[in-house]
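Biologist: I'm new to this one, so could you take me through a single part of it, slowly? I'd like a close look at the ligand and what is around it.

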Amino acid sequence: MPARQRIAQEIEREGGWVPFARYMQLALHEPGLGYYASGARKFGPQGDFVTAPELGDLFGRTLARQLAGVPGGRILELGAGSGALAETLLKALDCEYLILETSAELRARQRKRLGKRAIHVDELPEKFHGAIVANEVADAIPVHVVHWNGQGILERGVSADFRWVDKPATGPLLEASREIRVPVPYISEINLLAKPWIRSLVDCLESGALFVIDYGFPRHEYYHPQRSTGTLMCHYRHQAHADPFSRPGEEDITAHVDFSALAQAALGAGAQMLGYATQAQFLVNCGITDVLGEANLENALHYAPIASQAQKLLSPAEMGELFKVLAVGKGLDAPLLGFSSGDRSHTL
Ligand SMILES: C[S@@+](CC[C@H](N)C(=O)[O-])C[C@H]1O[C@@H](n2cnc3c(N)ncnc32)[C@H](O)[C@@H]1O
């Protein structure tokens, strides 16, 4: 039975209406049903989207320069996708490499690619010393959708025939929505689940740093008056669109990340702020130009693809400005290389 029909049945079973976050959970992550849990190709030119590690190894080799400076000798990667970043980091660094991946299908792909070099874990390790990396994972955490209108604050949910249906917001969602000042009418997302997620990461970290890399903004930009229809985006065969009901279970659904919310939750859980910067600034600080300089400038066949990766990673029109790096941690004495210049953590 197609995923669409099975998700409709699930919504019926749950009373004919589910919060959008539940729909996003079903459509992305539900074992045997969701987009990440299924056999869709997802990554790379033949898939639906390209992430920084999928462009080539420039991102990973540059990130490795930062990770080498985090004591502990261990890396924990969350949501490792095709295993591309793990492969590059394992080549560049002598470390123990753990992966926590929620999709069984992607775990199998990662095992095939990485063999015994990476260790898959089913839950967060206790008392972890080292670096935790989450590249484009936070944007896949299911979000609630809120509609502030003249009458009040409504929660947007999904009916079994895949339509938006609003109900009065209640509980923690209502509380969180009241803290956000927006002109009405206004629709946007609130990621209630991101807070326990980042708290659990901070709790498991005994010493070291957690890097969250993703597209998003500080809160004042996220809930900007002009962003009045929110940030939900779907990706199918390299086309981006904003209708999350067009191919449930067969395409990626994402929301931008509210980095202020992540930072506040992390600091509230006892982490120190280590830095927040655009991806371009972070990679430049880590020495991406030195990594580029290692390429053979004489040989256009070798240099052109790497230069093209640099352009995509750094250009403000591509990933350079929209993507950010947030680092929080515990017990580190020295400042991190990636934030040596242009740290914008004061904007969070
Ligand atoms: C957009 S992909 C990014 C993959 C990879 N990090 C990259 O940059 O190419 C999201 C990944 O996160 C995984 N994922 C989603 N939620 C997760 C969670 N809560 N914990 C761990 N992995 C998760 C997905 O299965 C998938 O591997």
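Modeller: Here is a walk around the ligand, with a stop at some ring pairs afterwards. Keep in mind that this is a predicted model.

Let's start with where to look. The ligand sits in the largest pocket. Around it you'll find 18 residues, and the closest are Tyr36, Thr51, Gly79, Glu101 and Asn135. If you sort that shell by class, you get eight nonpolar residues, seven polar ones and three charged ones.

Now zoom in on some atoms. Asn135, one of the closest residues, has a polar side-chain atom 2.7 Å from an oxygen atom of the ligand. Thr102 also offers a polar side-chain atom, this time 3.4 Å from a ligand nitrogen atom. With Gly81 it's the backbone you want: a polar atom there is 3.2 Å from an oxygen atom of the ligand. And how much of the ligand gets covered? On its own the ligand exposes 600 Å², and the protein buries 94% of that.

Go back to Tyr36 for a moment, since that name was among the closest residues. Across the model there are 16 aromatic pairs. Tyr36 belongs to one of them, with Tyr35 as its partner: the ring centres are 5.1 Å apart and the planes meet at 75 degrees, which is over the 60-degree cut-off, so the pair counts as edge-to-face. Both Tyr35 and Tyr36 are buried.

For another pair, try Phe282 and Phe339. Their ring centres are 5.3 Å apart and their planes are at 55 degrees, so this pair is tilted.

Conventions:
Residues are numbered from 1 along each chain as its sequence is written. This is a predicted model: local features need pLDDT of at least 70, side-chain atom pairs count only at pLDDT 80 or more; totals for chains, interfaces and linings use all residues. Side-chain values use heavy atoms; hydrogens and water are left out. A residue is near a molecule or strand if one of its heavy atoms lies within 4 Å of it. A polar contact is a pair of N or O atoms within 3.5 Å; within protein, one must be able to donate a hydrogen and the other to accept it, and residues adjacent in sequence count only if both atoms are side-chain atoms. Accessible areas come from the Shrake-Rupley method with a 1.4 Å probe; for residues, only the protein chains shown count as cover. On a 1 Å grid over the protein atoms alone, a cavity is a set of points where a 1.4 Å probe fits but cannot get out, and a pocket is an open set with protein on both sides within 12 Å along at least five of seven lines; lining residues have an atom within 4 Å of a point. A molecule sits in a cavity or pocket if more than half of its atoms lie within 2 Å of its grid points. Ala, Val, Leu, Ile, Met, Phe, Trp, Tyr, Cys and Pro count as nonpolar, Asp, Glu, Lys and Arg as charged, and the others, Gly among them, as polar. Rings of Phe, Tyr and Trp (its six-membered ring) pair if their centres lie within 6.5 Å; planes under 30 degrees apart count as stacked, over 60 as edge-to-face and the rest as tilted. Buried means under 20% relative accessible area, exposed over 50%, partly exposed in between (1.4 Å probe, protein chains only).
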